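Here is a short note to read alongside the model, written as numbered points that can be checked one by one. Please keep the sequence and the structure open while you go through it.

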Amino acid sequence: MKVSHLIAVLFCVLAAPVWASNEAWENVRAMLYGDRPMQNGDAFIAIDAPYRTPDDARAQLAAQIAAPRGTKVAKVTLVLDENPMPVSAVFELEEPLPSFYFDVTMRVNGPTPIHVIAETTDGHLWVSETFVKTSGLGACAAPPGTDPELALANLGTMEAELVGRVPALNTRARLSSLGANRANKMDLNIDHPSHSGMQMDQISLLFIPMRYVETVDIDLDGAGYVQMTGSISLSENPRVGISVPSRAQAVDVTMTDTDGTVSHLHKKLAGF
């Protein structure tokens, strides 16, 4: 089953009931991984999340992953347990790497545990957890922040740029020893309304149909690098930051949304 289809199934299964946090996580975990064992990844995963989101509709969440020695990072999943679509972003690396960093602007619908799961090339699953509080505005149902006609006119416009080195999220020896903070950080800004399907048109009072960024394929220097699968948890006009090798000179991005709209970006990268 495609990751995007699995995310949609999880939305249907998990949106209605209200569970205690541990039950929400156990259901997501079982749906994604079945009975596969999961190991504590606190030594290999650093999560950066605010204590309380200053803006529930646009909270920046970040993680840095350093694979255990002898393995590489193949796939990273971000889960916001209590969001209506808890599997919020999935990063699949074309060629596994010793370390990987991402940050992304998210809707955080309410106080929730956050899990970051890394799958390494030896087949092991590693998980780390934190908790974030919110202001209680119900971000997934909040009205759109931009004019609907303007949002549609600009939908799919993208811009990418290198913004410096990957920030060091944690000083633990393992994360530092891989030199993850020596990689460059590339920010990708995507114009997209990211309709959650839970928002009302403020004039007609009808629900706006769900429409969000489904996949973002990022190639570096003509070769596949990473594919991100999105969800309704992505903020309006989401920004995605990822680590890229310092040698990268050009990026190609293909964005596909759930309505089938496809947009492309090609850009040469200025080195740092």
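1. Two rings of Phe, Tyr or Trp are called a pair if their centres lie within 6.5 Å, and the pair is named stacked when the planes are under 30 degrees apart, edge-to-face when they are over 60, and tilted for the rest. By this rule the structure, which is a predicted model, holds three aromatic pairs. One of them joins Phe91 and Phe100, with 5.8 Å from centre to centre and 55° between the planes, and it is tilted. Ring pairs also bring in Phe102, linking Phe91, Phe100 and Phe102 into a cluster.

2. It is worth asking whether Phe91 and Phe100 are buried or exposed. Buried means under 20% relative accessible area, and Phe91, at 2% relative accessibility, therefore counts as buried. Phe100 has 1% relative accessibility and so counts as buried too.

3. The phenylalanines of this cluster return in the description of the interior, where the largest nonpolar core has 48 residues, and Leu78, Phe91, Phe100, Phe102 and Ile242 are those with the most contacts inside it. Apart from this core lies another, of 10 residues, which includes Val28, Tyr33, Val87 and Val90. Leaving aside residues up to four places away in sequence, Phe102 touches Leu61, Ala62, Ala63, Ile65, Val76, Leu78, Phe91, Gly241 and Ile242.

4. For the chain as a whole, the secondary structure comes to four helices and 15 strands, and 50% of the 272 residues count as buried. Among contacts between residues at least 6 apart in sequence, 71% join residues at least 24 apart.

5. Which strands make up the open sheet of six, and in what order? The order is β2-β3-β6-β13-β10-β9, and the pairing is antiparallel. At the edges stand β2 (45–48) and β9 (158–165), each with a single partner strand, so that one side of each is left without a neighbour in the sheet. From one strand to the next, the twist averages 15°. The partner of β2 is β3 (residues 59–66), to which β2 is joined in the antiparallel sense by four bridges, and within this pairing Ile47 has Ala63 in β3 as its bridge partner.

6. Strand β13 (residues 239–244) contains Ser243, a residue that deserves a separate look. Ser243 has 5% relative accessibility and therefore counts as buried. Its side chain reaches the backbone nitrogen of Tyr101 at 3.0 Å. Not counting residues up to four places away in sequence, Ser243 touches Phe100, Tyr101, Val166, Ala183, Asn184 and Tyr225, and Phe100 is thus a name already met among the core residues with the most contacts.

7. The last point concerns strand β14 (residues 250–257), which is mostly covered, since six of its eight residues are buried. Strand β11 (residues 213–220) runs antiparallel to β14 and is joined to it by seven bridges, with Thr256 in β14 as the bridge partner of Thr215. Strand β15 (residues 262–268) also pairs with β14 in the antiparallel sense, over seven bridges, and here Asp252 stands opposite His266 in β15. The hairpin of β14 and β15 has four residues between the strands, and in this hairpin Gly260 takes a positive phi near 90°.

Technical notes
Residues are numbered from 1 along each chain as its sequence is written. This is a predicted model: local features need pLDDT of at least 70, side-chain atom pairs count only at pLDDT 80 or more; totals for chains, interfaces and linings use all residues. Side-chain values use heavy atoms; hydrogens and water are left out. A nonpolar core is a set of buried Ala, Val, Leu, Ile, Met, Phe, Trp, Tyr and Cys residues joined through side-chain atoms within 4.5 Å. Buried means under 20% relative accessible area, exposed over 50%, partly exposed in between (1.4 Å probe, protein chains only). Contact means heavy atoms within 4.5 Å. Helices (H or I, at least four residues) and strands (E, at least two) are DSSP runs, numbered from the N terminus. A polar contact is a pair of N or O atoms within 3.5 Å; within protein, one must be able to donate a hydrogen and the other to accept it, and residues adjacent in sequence count only if both atoms are side-chain atoms. Two strands pair if DSSP finds at least two bridges between them. Axes are lines fitted to C-alpha atoms, for helices over the stretch in contact, and angles run from 0 to 180 degrees between N-to-C directions. Rings of Phe, Tyr and Trp (its six-membered ring) pair if their centres lie within 6.5 Å; planes under 30 degrees apart count as stacked, over 60 as edge-to-face and the rest as tilted.
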